[in-house]
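Here is a report on one protein model. It begins with charged pairs, then turns to the metal site and the overall fold.

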Amino acid sequence: MENKVSISTLPYRFDELPKIFNELKECGADFAHCDIMDGQFVENKTYTPMMLQDIKGLMPLPLDVHLMVNDPLQYLSTLKGVAYYYTIHCECFKDMNILKDALVSIKKIGLKVGLAVDLQTDIENIFEVLNIVDLVLIMTVKAGAGGQKFSESALDKVKKLNLFKRNNNLFFEIEVDGGINDKTAKMCVNAGADIVVSGSFVSSSNDKKNTINSLKFDK
Ligand code: DX5
Ligand code: ZN
């Protein structure tokens, strides 16, 4: 089995997304990774989830929504039936019980729930809620901008998470995000990643099919 590739919407103009993602699907992309930033949780600001609602019918791939926002639950009704993965950052929650309730509320409306862990956060912090989630997103750069350098320290987290998953018979997917290219993708997949996110590596390529293919490996 091969890992999947989720392409970040960040490098592209919002009004071009449906056209571009139709092409990217033809080139082997598996998900559209929708990076949403509110200018508070991270400095940058992007399009809103309300705007995703408008183009949902035109997007050919499942939407892998990555919410880098302070209040990630406020978009639940907007993204119901729109998002495939609804991924929130664990750093938004001070208390494990509040985080647990948040994860359950996302599942309750029929969405797959993802939990993101920023670069500075210990992976062990989220072990106790892993029986609830469908996806863990490990940031391999500091969340907030595209085009940053992959941080090898995150590989250790992927390995620990994969080991915990196997030892506890859990089924969530492991996704990595930030600084992914053909070399770093290979390291992540070898460490246990199931989905790799790509922004600049694919957007800057003139041969998208080959480039996406270079991010896929046998697992
Ligand atoms: C960064 C975003 C990433 C970003 C990845 O905070 O979450 O999804 O678009 O871009 P690259 O692949 O350029 O690092
Ligand atoms: Zn992302």
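A search of the whole structure finds 11 salt bridges. A salt bridge here is a side-chain nitrogen of Lys or Arg within 4 Å of a carboxyl oxygen of Asp or Glu. This is a predicted model: local features need pLDDT of at least 70, side-chain atom pairs count only at pLDDT 80 or more, and totals for chains, interfaces and linings use all residues. Residues are numbered from 1 along each chain as its sequence is written, chains are lettered from A and ligands numbered from 1 in the order in which they are written, and side-chain values use heavy atoms, with hydrogens and water left out.

Three of the pairs are listed here.

| Salt bridge | Closest N to O |
|---|---|
| D30 and K216 | 3.0 Å |
| E124 and K160 | 3.1 Å |
| D194 and K165 | 3.5 Å |

The D30 and K216 salt bridge links distant parts of the chain, 186 residues apart. D30 sits in the loop between helix 1 (17–26) and strand 2, and K216 in the segment after helix 8 (208–213). Helices (H or I, at least four residues) and strands (E, at least two) are DSSP runs, numbered from the N terminus. K216 is buried at 17% relative accessibility. Buried means under 20% relative accessible area, exposed over 50%, partly exposed in between (1.4 Å probe, protein chains only).

E124 and K160 also meet in a salt bridge. E124 lies in the loop between strand 5 and strand 6 and K160 in helix 5, so the pair ties together parts 36 residues apart in sequence. Both are partly exposed: E124 at 38%, K160 at 37%.

D194 forms a salt bridge with K165. D194 is in the loop between helix 6 (182–191) and strand 8 (195–198), K165 in helix 5, 29 residues apart. D194 is buried at 10% relative accessibility, and K165 at 14%. Elsewhere, salt bridges that share partners join R13, D15 and E16 into one network.

Which residues coordinate the zinc ion (ligand 2)? H33 (NE2), D35 (OD), H66 (ND1) and D177 (OD) do, at 2.1 to 2.3 Å. Donors are N, O and S atoms within 2.8 Å of the metal (3.2 Å for Na, K and Ca); water is not among the atoms, so sites may look incomplete. The donors follow the spacing H-x1-D-x30-H-x110-D along the chain. H33 in strand 2 (residues 31–37) and D177 in strand 7 (residues 173–177) are 144 residues apart. H33 is buried, with a relative accessible area of 0%. D177 is buried too, at 8%.

E175 is also in strand 7. E175 is buried yet has no salt bridge; the nearest side chain of opposite charge, K4, is 11 Å away. Lys and Arg count as positive and Asp and Glu as negative; His and the chain ends are not counted. Leaving out residues up to four places away in sequence, E175 touches residues including H33, D64 and V197. Contact means heavy atoms within 4.5 Å.

The protein has eight helices and eight strands. Its radius of gyration is 16 Å, close to the 17 Å that the globule rule gives for 219 residues, so it is as compact as a globular protein of that length. The radius is taken over C-alpha atoms; the rule is 2.2 Å times the number of residues to the power 0.38. Buried residues make up 54% of the 219.
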